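Q: I'd like a close look at one topic here: the salt bridges and what surrounds them. Please take me through it step by step.

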Amino acid sequence: MAATAACALLATPLAARDEDKPVTDDTVTARDVAVTPIQDLNLEKDEIPPLLLAAQADPYSLAGLNRCSKIVVAVEELDKVLGPDFDVADANERKMTVGSVAKSVVGALIPFRGVIREISGANKHEREFQDAIVAGVMRRAYLKGIGLKQGCQYPARPATDADRARVAKAREQAKLVEQQAEYQKDVVKDREKEAKKAADQANR
């Protein structure tokens, strides 16, 4: 049955799970099996970033980090891989949605899911990836602690209220620039469409 269900899953288009069931409901129906997105099985193995592998190998290394400027660079590199640190993350970045909880709960309950993940090596890779992420987070926190002790400025130390305000403002400005760029692209596309339309009419 598991093999048959797995084959059915592979042939089933992506669909949303029935949200009427509470996340604590451990009943697994045929529909739950059928609508689970194939990417939830994590068959594709994203490569673990080398920076996280290095952090995993030696999270407390201070080799070459004898100046605040170098600690800043090291922390910023980790930020690029890990995303915003908790001291500057906004409410949305800190919050886990109900939908994501429900999705993970259902995925863990589907009987054949674990079998496929183990056979594909996805479970092993996921554990390795999670371990590397934890090492990266630990290293970033450690470096900020060292930076704080040495009197470095953010991001080589935890953010202050002033730092958070500055980061939030920079994000807002970056968002506006991105929106303006998208608007300009739309304007160019509209002009191209109008030009093509006018050329088509002139050729008739």
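A: Let's fix the term before using it: a salt bridge here is a side-chain nitrogen of Lys or Arg within 4 Å of a carboxyl oxygen of Asp or Glu. The idea behind it is simple enough: side chains of opposite charge can pair when their charged atoms come close. Keep in mind that this is a predicted model.

By that rule K196 and D200 qualify, with N and O 3.3 Å apart. Both sit in helix 9, and because they are 4 residues apart, about one helical turn separates them. K196 counts as exposed at 54% relative accessibility, while D200, at 34%, is partly exposed.

Go back along helix 9 and you meet another pair, E182 and K185, with an N to O distance of 3.8 Å. These two are 3 residues apart in the helix, so again the spacing is about one helical turn. E182 is partly exposed, with 39% relative accessible area, and K185 is partly exposed too, at 49%.

What about the helix that carries them? Helix 9 runs over residues 161-203, and its 43 residues should span 63 Å at 1.5 Å a residue; the end C-alpha atoms are 63 Å apart, which agrees. Buried residues in this helix are D163, V167 and V187. D163 is worth a stop, since it is an acidic residue that counts as buried at 5% relative accessibility, under the 20% cut-off. Its side chain makes a polar contact of 2.9 Å with the side chain of R166. Setting aside neighbours within four places in sequence, D163 touches Y154, R157 and P158.

Now for the pair that reaches across the sequence. D85 and K144 form a salt bridge, with their closest N and O atoms 2.8 Å apart. D85 lies in the loop between helix 4 and helix 5, and K144 is in helix 8 (residues 122-149), so this pair ties together parts that are 59 residues apart in sequence. Are the two ends buried or exposed? D85 is buried, at 16% relative accessible area, and K144 is buried as well, at 4%.

D85 has further company. Its side chain makes a polar contact of 3.5 Å with that of R140. Leaving out residues up to four places away in sequence, D85 is in contact with D79, R140 and K144. Step back and you get a network of salt bridges linking D79, D85, D87, R140 and K144. For the overall tally, the structure holds 9 salt bridges.

D79 brings helix 4 into the picture, as one of its buried residues, along with I71, V72, A74, V75 and L78. Seen down the helix axis, the buried residues fall within an arc of 165°, so they line one face of helix 4. The helix has 15 residues and reaches 21 Å from its first C-alpha to its last, close to the 21 Å expected. Right after helix 4 comes G83, with a positive phi near 90°. The loop holding D85 runs from helix 4 (68-82) to helix 5 (91-94).

Key: Residues numbered from 1 in each chain as written. Predicted model: local features only at pLDDT ≥ 70, side-chain atom pairs only at ≥ 80, totals over all residues. Heavy atoms only, no water. Expected span 1.5 Å × (residues − 1). Buried < 20%, exposed > 50% of the residue type's maximum accessible area, 1.4 Å probe, protein only. Polar contact = N/O pair within 3.5 Å; in protein donor to acceptor, adjacent residues only side chain to side chain. Contact = heavy atoms within 4.5 Å. Arc of directions from axis to C-beta.
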